Amino acid sequence: MAEAVAPQVFTRRASGLVRVMSPYSAFIYNILTMGVIFPWTYIWAPTAFQGSSLVLGIVFAFVFELPIALAYVWLATALPRSGGDYVFQSRVFGGGFGFTVVFAFFVVWILQWVALSGWLLASLGIAPTFLGLGATTDIGFFTDIGTWAASANGIIIISVANALIALVLLVTGFRNYVRFQYVMWYAILLSFGVVLLLFLTTNPTEAQASLNTFAGNVDGVSNFYGTAVAGAKDLGVSFAPPFWLWGTLLVAPIAWTSLQWATYSVEQGGEIKNAHVFRNQAFIMVGSLVATAGLLILLALAMQKGIGQEGILVASSGYYLGNGAATIGGGYMFPNLIAMGLTASPIIVAIIGVGFILNSFQIVCNCYIGTTRIMVAQGLDGLLPDWFARVNARFKTPVNAHIAYFLAALPVIWGFNKVASWTRWTLGVTFANGAVMVISALAAALLPYRAKKLYEASPGAKYRLGGGIPTVTVIGLLGFLLGGFMVAAFIFVPELGLAYSSDALPWAIVLGTAAFGLIVYFVMRSVRASKGVKVSYAFAEIPPE
Amino acid sequence: MPFWKKGTTGGEPTRIFYACDIHGSEPTYRKFLNAAKFYEVDALVFGGDLMGKLLIPIVRDAGGGYRARLQGKEHRIRSEEELKRFKQTLQTLGFYWQEMDPDEYRSYEGNQARIDELFDVLAKQRLAEWVALAEERLAGTSVRAYLCGGNDDTDVVLSALEEVPQDRVVSAENRAVPLDDEHVVVTVGYSTPTPWETPRERTDPEIAEVIEKVMAEVPDPSRAIFNFHCPPLDSSLDTCMKLDASVWPPTPVLVNKQPVYYGAGSQAVTEALERFQPTVGLHGHIHESRGMARFGRTPAYNPGSEYGEGVLRGLIVAIRDGEVLGHQFTSG
């Protein structure tokens, strides 16, 4: 026998399959979806849980989300298809359950995010940018635009325009979005970097003086900061509370409202290049989680340095406690608005503003991208009418699903901005979205047992712990428990969601959306059965023998 | 026995399970055969591309054991048990393999004609085994499996469909064959030219000519099931990345660092669907373009393919009296 050789593969002329969005694009997509630039944590947590540590709370949220993101890596490589969470849950738990959960708690509830992204664009992007420009250039027209953008009618018009522009961008080709995403990415990074720098190069005393000048220019008030501190004290804010560990743990669910979206790229899994490769999905989801958590921590530390704990509590009191004296131009003191107040340069204001405007726009885009892919998958499985699943031959995009989602968002945009009780009615949004991710973590844990063949053919199947236990089962269960803690907090902790109001209506709305999903499922199942097909076939795994 | 005939007015609908592009994957093919019982259908229709794309030489080591390369990684196989598991992986992926000595391996290196011959031998052998397996699995049932090739299959390999004695398996290539009392399956396995220069590519006029010839045998086009491997052009069933064929292997065409998408289907197929208005159009070829489209009264489908993961993507269609009553995409 001759000496050993290192054999290569023999190939022949045969068609090849090439996939789409690069892992790097998907990584960026997740970071932007987490809204690194819109951290609610900073204006919600400090006064909701006085004595908590913002930085430590973000670290807890990262630790709690980590096993969930890892569990998604297994799911995404085993089922690299568009429709992500719906596909995972329907294949593991069955079609009725998977459809109901993901349709009700994602497709329906994410409509709230379409409205919210319009609000973010108007209130945190356009309004502060023009207010800032008005204050730094002394041009009243800018201030007028800023004030209009913060009004209810202004927000509605901006929200509809935001949704419409995103609709046009996305239906005319997904690659248009991917291309524009790079513009958003670099602009947002620049904006974020500038905000950080402004906080890091000032101190609380200087910051208070700058904010007084800024608010004076915008609202014509004097001693803005001192009034805001007094207002916060009147509302019960303690500026030197002792450290509170439980409160810090409860900051985690708030920070999780950002970090939980680290896995959102799975909804377009069928469009990501080499989506079945383990390290790619780890980079896309775990990598984006690490990067975003790092940026959020950095911003918290920078704020601490720039405006101090007192400044952070004052800003938070404007949002969470309704301290009217701690708002500027009618806007909450999000980090970007504070940063604008720290500079006298209209160029810096514009850079910050553009970043926030673009991230607001990205949020509405990701609402469309994720939910339309879910609707297409559900349409292909026969659980929504075929119309939703149709891909336009000219644009190669699910135009019908996009249009349906835009139309469904219009009344939500109106209600969000015009109905005073809307926010109270929709307290379930944090619970609903979080529940989908936690149930998917459980789906990952059960994947080796409920979809055995599929799991065995997946790249994650080789990872096992002692006793032959699949690693994903342990990680998925851990994610389910830690995520379950945060979802439970959204239900039971008054500061975090459903328990905020003693009213039964928010609960009824959550249950109503679930019931709506279940009704759609049973109606579609009956319709398909009358035409000679069973929808259950869509989820069943055929044994090869 | 049902009182009414299958597929006719007032009778029970005929239920078809359609799949394609399994590219040599053994578990996927076995699932295809089991689909008859599992989905309770009356016929199995396969839309082409039976052959695998890769052949893995498993080379004996002088000191015992074997070496092979798979998915960019060199594998050292030390025992017969490991060899068995390795072959099972190859079967799932749809690859062929051949055990050989280092000298034999070297005799193949750089000799594409010899490699192609070996592909044909192994693929034909596998297809003959598959036909026999279908006969065994479907024996005693009324279900028939309609098999044909796609653009990736060679004529040498497809000859196995004619040579192996058949009862339940119908060699459907370029023919119109009865499905039930009412409908016929019309099959054309060619595709338009691809950047990969595969064995069975034809120009649109050539495909139109084949369709015309086969349709001449069909008395009522509205009762035809079009089993055309190539999807209709620009229909959303044929969307894929544009590839630069001037390099090998072809690479994606990028504009501003973004891939360019286009329709890679056949104009002849589009025209046939529009003109003949058959009961349904069943298509494959573009694995990533799962979906449905409509041509007048005729719905057309592409179930896509995920054979590499051992997943059988398919489609159940219930037809009666020249119309689709309902459909269901499957992924099992």
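**View 1. The hairpin of strands E21 and E22 in chain B.** E21(B) and E22(B) form a hairpin with 2 residues between them, and B:Asp321 in the turn has a positive phi of about 55°. Helices (H or I, at least four residues) and strands (E, at least two) are DSSP runs, numbered from the N terminus. The two strands of this hairpin, E21(B) and E22(B), pair in the antiparallel sense over 8 bridges, where pairing requires that DSSP finds at least two bridges between two strands. Within this ladder, B:Ile316 has B:Gln328 of E22(B) as its bridge partner. This is a predicted model, in which local features need pLDDT of at least 70 and side-chain atom pairs count only at pLDDT 80 or more, whereas totals for chains, interfaces and linings use all residues. Residues are numbered from 1 along each chain as its sequence is written, while chains are lettered from A and ligands numbered from 1 in the order in which they are written.

**View 2. The surroundings of strand E21 in chain B.** Because 8 of the 8 residues of E21(B) are buried, the strand is largely enclosed by the rest of the structure. A residue is called buried if 20 or more other C-beta atoms lie within 10 Å of its own, exposed if 12 or fewer do, and partly exposed in between, with the C-beta atoms placed from the backbone. In a regular strand the side chains alternate between the two faces of the sheet. In E21(B), B:Arg313, B:Leu315, B:Val317 and B:Ile319 point one way, B:Gly314, B:Ile316, B:Ala318 and B:Arg320 point the other way, and all of them are buried. Strand E1 (residues 14-19) of chain B is joined to E21 (residues 313-320) of chain B by 5 bridges, and these two strands run antiparallel. In this pairing B:Ile16 is matched with B:Val317 of E21(B), and B:Phe17 has B:Ile316 of E21(B) as its bridge partner.

**View 3. The open sheet of chain B and the helix that lies across it.** In chain B, 6 strands form an open sheet with mixed pairing, in the order E8-E7-E2-E1-E21-E22. Its edge strands are E8 (169-171) and E22 (323-331) of chain B, each of which pairs on one side only. On average, neighbouring strands of this sheet are turned by 20° against each other, direction ignored. Helix H1 (residues 26-38) of chain B lies across E1, E2 (43-46) and E21 of chain B and runs at about 150° to E2(B). For such angles, axes are lines fitted to C-alpha atoms, for helices over the stretch in contact, and the values run from 0 to 180 degrees between N-to-C directions.

**View 4. The hairpin of strands E19 and E20 in chain B.** E19(B) and E20(B) form a hairpin with 2 residues between them, and B:Gly296 in its turn has a positive phi of about 65°. Strand E19 (residues 291-295) of chain B pairs with strand E20 (residues 298-302) of chain B in the antiparallel sense over 5 bridges. One of the residues in this pairing, B:Gly291, has B:Asn302 of E20(B) as its bridge partner. E19(B) is mostly covered, with 4 of its 5 residues buried.

**View 5. The two domains of chain B.** The domain assignment, which comes from an automatic or database source, gives domain 1 (14-50 + 128-331) and domain 2 (55-108) in chain B. The C-alpha centres of these two domains of chain B lie 32 Å apart. In chain B, 9 residues of domain 1 are in contact with 6 residues of domain 2, contact meaning that the C-beta atoms of two residues, placed from the backbone, lie within 7 Å.

**View 6. Helix H4 of chain A and its neighbours.** Helix H4 (residues 84-93) of chain A is largely enclosed by the rest of the structure, because 9 of its 10 residues are buried. The buried residues of H4(A) include A:Tyr86, A:Val87, A:Phe88 and A:Arg91. They belong to the set of buried residues of H4(A) that packs against helices H3 (54-78), H5 (95-108), H15 (346-380), H19 (429-450) and H20 (452-456) of chain A. H4(A) is followed by A:Gly94, whose phi is positive, near 105°.
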